[in-house]
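Open the model in your viewer and keep the selection tool at hand. We start at the outside and work inwards.

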Amino acid sequence: MNEQNSDILSKVERYYQEYGLRARELKNEGNKVIAYLCSLVPAEIITAAGLVPFRIRGDVHEPITKGDTNLETIACPFVRSCFDLSVKGRYDFCDGLIIPHACDSMARTYSTWKYSLGLPYSHFINVPHTLRQSSMEFFKAELNTFRKSVGRYAGKDISDDDLAEAIHLYNENRDKAKALYELRKSDPPLITGTELSKILTVGMSLPIAESNELFDVVLEELRQRKESPLQKAPRIMVDGACVDNVDFIKLVEDSGANVVVDTLCIGTRDYWPHTDVRGDPVDALAHRYLDKINCPRTYREKVGDTFQEDAESRFGDIGSLSKEFRVDGVILYIYKYCDPFGFEVPARKAYLDSLKMPVLYLEDEYSAGTIGRLRTRIQAFFEMIG
Amino acid sequence: MAEEQKKGERKKRRTATEAASSIGPMVKESIGGTIRAKQEGKKLAYSFIVCSYDEIIRAMDVVPVWTENYAGVCGAKRDAERFLERAESLGFSRSLCTYALCGLGFDQWREELGEMPPDAPWGGQARPDMMLSSGQILCDPRNKWYQAAQQYMPDVPIYDVALPYPLYEDDIEVADVADYYIKYIVEELRGLVIFLEKQTGKKMDWDRLSELVDLGEKTWNLIWETYELRRAVPTPMGTGDAMNTMVPMVFMLGTQEGYDFYVGLNKELKEKIARKEGVIQDEKYRLLWGGGLPSWFALTDFNYFNSKGAVFPVETTYRMIEPIYKLNIPETNDPIERLAWRWLGYWTYWYDKAKKRPGSEPDVERLIQYIEDYKIDGVVMHEAFSCRTWHLGLIWQLNQLKKIYKPIPILILGKDEKKKVEKRELPSLILESDIIDISSYSEVDTRNRIDAFIETLESVAKNKGT
């Protein structure tokens, strides 16, 4: 990690295109790599165990083939793509797999993943659906079960100090990610949405210390930019789930807008919330992953008497970010077969309507082919919001 | 009977048992009963089946409105499309759970009109006083549906009951985690009691709850015993009928009416067995319905199987796994704890068996047990496009089964402890459609696939005989 600053974006590009390159190198050096799906896996615990966490991503350019021989096509297309790449061996450097109870497409396919990949280690983290105190207590117990299990695999008792150190590193990473978002506040932004998506995606493929180092160099490089690579254009927020390929963001930007903020999993949903550094580290992790990550798979009890009050409680982060980043319009980008997000589409739209924020809802199938077909609708939306 | 003559509706399906044929009127009466209960001022709760809270609701005199049931009724009557379209027009994707879409379309329409939508099937679905969501480890829609409905009914409160169970792991035993799972489930169910007390203004009668849990467990055991009668050859009842007789199992647990139904079914099956009267007399193929909810609008497909000499003596869908006394429920006088242990035991029953067969998995063990116990010749599953909950993992389970039931002769140890050669090939079929979205269904294509499957069964049978 000693590249000159000018090389850093090339390095990001290489890590993005050859996703998993560094994890493979680390595996070859004798490290154990633990793959995981979704933002709900506390990677801090994997790091604290002395293992290398590696977030699996899909590939919208790779047709799903082998995966379909073991996994139904009615699963979320993002999960299908991740599974397909995994059974084709793209991530064959991984020693283990962690799947959280994020949604049916993950929970109901855990066995399929486990036996299809035949990895030495696997674990399912049962994330509760509600935020009551009993749910938090349960989740803490479940995280301690994971802590013991992964510790057994690593041959290490994971101490509170190990966890505190990992939490510190991950919080640093989130600070740096947030600093990258600051570069989007100018008009036009100093960083494109496509660039940021690549950086954030790559960040989740690296050991956290290396991710921090990468982000530092990227920040240094970007802060020296004299001119934005972008023109002034409508400022767009993308709201949705896990967008880990830049094709959609690039399409939006190529269609005449600047993506300036998001509420995506590889975005503010996961990169912004910190873990509390006071008190018991497992308590703090439970609180972050269950409550602070605002994912629709977690039920939040109704607040107030009206729908509007409840919507403000559930989606207020969207409204705050839209103000903070002076957003002109929101694209609600949802994958087909995604029940957690799909059932919120009318509510999210209604909330944005109440803010008088133009919104375009797009349902997609996690494929480069289908993404391309969205261009006309996106362009029409930009014409509408001027 | 004007409703029965509406367009698109088909004549009544032929059932093998009297009990199954009595279900339609029972469901109709149940739905009408919720509307009457509303008029009488009783408290109504939108509820989901298999949530371990049946007896709690009954003990509190809250009337459950089974929303999945009503969507199923709309589907069976081939009258779901207008509600699905309405949900789609509100912004819900048609790829989502169609039970939920049907319910949301109906609810939004009812709220907009201030009365039931026109010609609502069987009088319509009554407006609830509360909604009981279910944050289980399975089924995202059960966690999101009522929250989405609250957009149209903001005055109706929700209690979301978390009911987790541990997934099967190689390095973790259920006993390792049971304490905190049970603690959590118990707290969630006690929270439900507090919620219901607040909504109804009355206190829980704990003795009554204990009695209803007793009744629920007695019914559970009776159902298991009754369904086991279907091992008989010829089998007296098939899965087509079981898709009717599931109604008291999942909508009436903890009621005397539910228990009495199975007393009657038990008697009827025993009488049919004594008379050697089967679904069909000359059973050529005994099939396992190995996964998936049925297409409620196409239950006649089961009759079509029967017409080809195939019967389904067993299914994994809507079935008590084993009697309560086999679920290792610790002694306790606390009815809530009993419900919690019942829940955990229900979901983890096959874990020990899976541990004994490396590479296996509980769902596969369940299939193997039924294949052996019911002398099964083939497995049929249904993949409903809109439901990930029950329809993911089916392909993989069949692939695992193929490792055991191979299309080659294998050497096995017989009961007399002598080695013998057996051909245990087990053909399988996955039908593809939906639970209630009829636009996903083609009768011609489905029956062509069934025909081809029957030909495979014939071929395998001939091969076994050589």
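Begin with the surface. This is a predicted model. Chain A exposes about 13,300 Å² of accessible surface, and 46% of that belongs to carbon and sulfur atoms.

Next, colour the charged side chains. Chain A carries 49 positive and 59 negative ones. Mark the centre of each set: the two centres lie 2 Å apart.

Now switch to the C-alpha trace. Along its principal axes, the trace of chain A spans about 60 × 55 × 45 Å. The radius of gyration is 20 Å, which agrees with the value near 21 Å for a compact globule of 386 residues.

Show the cartoon. Chain A has 18 helices and 8 strands. Turn on contacts between residues at least 6 apart in sequence: 74% of them join residues at least 24 apart.

Colour by burial. Of the 386 residues in chain A, 65% are buried.

Now select residues 193-203 of chain A, helix α9. Is this helix enclosed or not? All the evidence is in the burial colours: 11 of its 11 residues are buried, so α9 is largely enclosed by the rest of the structure.

Show the side chains of α9(A). The buried set includes Leu196(A), Ile199(A), Leu200(A) and Val202(A). Glu195(A) and Lys198(A) are also among the buried residues, as are Gly193(A) and Gly203(A).

Finally, select what surrounds this helix. The buried residues of α9(A) pack against these elements of chain A:

- helices α1 (8-17) and α8 (160-182)
- helices α10 (208-223), α11 (247-254) and α12 (265-271)
- strand β6 (258-263)

Definitions and conventions
Residues numbered from 1 in each chain as written. Chains lettered and ligands numbered in written order. Predicted model: local features only at pLDDT ≥ 70, side-chain atom pairs only at ≥ 80, totals over all residues. Heavy atoms only, no water. Helix = DSSP H or I, 4+ residues; strand = E, 2+ residues; numbered from the N terminus. Rg over C-alpha atoms; globule rule 2.2 N^0.38 Å. Buried < 20%, exposed > 50% of the residue type's maximum accessible area, 1.4 Å probe, protein only. Contact = heavy atoms within 4.5 Å. Areas by Shrake-Rupley, 256 points an atom, 1.4 Å probe, with all protein chains shown as cover. Lys, Arg positive; Asp, Glu negative; His and termini not counted. Charge placed at Lys NZ, Arg CZ, Asp CG, Glu CD.
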